[in-house]
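Visitor: I would like to walk through this model and hear the reasoning behind each label. Could you show it to me?

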Amino acid sequence: MNPRDRIKLLGAGLAGLGVTTRAQAQSQGPVPAKPISSEPWKVVMQISDSLEQAYEGLINVQNVLELDPKMQFIVVGYGNAIGFLLNGAKTPQGALFEGMIGNLANQGVQFKACNNTLTFLNIPKDRLILEATIVPAGVYELVKLQSEGWYYIKP
């Protein structure tokens, strides 16, 4: 098969898949924008690596909420990073995580702590900050929320 026949065959196959060429798209005019849902986006954030990751993630949440205050966030902490949800935990810059978390909770952000991690690390539940609720397993919570339509991010 010569190169021109291959191009024609490829073009026919792409057209069958609904793909258009630039010339076809230009002749069709502008594509109308899809309406944006009035429902706020829901995002679940995994914090499991370190206090540095926790700090970066919370800064990300603050920045996004400044752009879109209607967005909903759930922050799930487990593993090596569970410490950010404990009373007295400090950011890498030396500030208390509690202040950041309190401000975010006042904007509707939810914080969840993994019971498996607390048990494995022998951390008493009364060491958790007031804003944190306990879930049976952090990974399970992430999967469950994603199955319910929450977007997933990990800083």
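Guide: Gladly, and let us start with strand 2. Five of the six residues of strand 2 are buried, so this strand is largely enclosed by the rest of the structure. This is a predicted model, where local features need pLDDT of at least 70, side-chain atom pairs count only at pLDDT 80 or more, and totals for chains, interfaces and linings use all residues. Residues are numbered from 1 along each chain as its sequence is written, and side-chain values use heavy atoms, with hydrogens and water left out.

Visitor: What makes a residue buried or exposed here?

Guide: Buried means under 20% relative accessible area, exposed over 50%, and partly exposed in between, with a 1.4 Å probe and protein chains only. Tyrosine 151 has a relative accessible area of 51%, and over 50% is the condition for exposed, so tyrosine 151 is called exposed. In strand 3, four of the five residues are buried, and the strand is mostly covered.

Visitor: How do you know that strand 1 and strand 2 pair?

Guide: Two strands pair if DSSP finds at least two bridges between them; strands themselves are DSSP runs (E, at least two residues) and helices are runs of H or I with at least four, numbered from the N terminus. Strand 1 and strand 2 run parallel and are joined by six bridges, so the condition of at least two is met. Valine 43, for instance, stands opposite phenylalanine 73 in strand 2.

Visitor: Why is the crossover between these two strands called right-handed?

Guide: With the strands pointing away from the viewer, the path from the first strand over the helix to the second must run clockwise. From strand 1 the chain crosses through helix 3 to strand 2, and this β-α-β crossover is right-handed, so by that definition its path runs clockwise. Strand 2, helix 4 and strand 3 also make a right-handed β-α-β unit, as do strand 3, helix 5 (residues 115-120) and strand 4.

Visitor: What is the strand order of the sheet?

Guide: The order is 4-3-2-1-5, in an open sheet of five strands with parallel pairing. Strand 4 (132-135) and strand 5 (151-153) each have a single partner strand and stand at the edges, so one side of each has no neighbour in the sheet. Further in, strand 2 and strand 3 pair in the parallel sense over four bridges, and four bridges also join strand 3 (residues 110-114) to strand 4. Lysine 112 is the bridge partner of valine 76 and stands opposite threonine 133 in strand 4.

Visitor: Why is the pair of tryptophan 41 and tyrosine 151 called edge-to-face?

Guide: Rings of Phe, Tyr and Trp (its six-membered ring) pair if their centres lie within 6.5 Å; planes under 30 degrees apart count as stacked, over 60 as edge-to-face and the rest as tilted. The centres of these two rings are 6.3 Å apart and their planes stand at 65°, so tryptophan 41 and tyrosine 151 form an edge-to-face pair. Phenylalanine 84 and phenylalanine 97 are edge-to-face too, with 5.9 Å centre to centre and 65° between the planes. Both phenylalanine 84 and phenylalanine 97 are buried.
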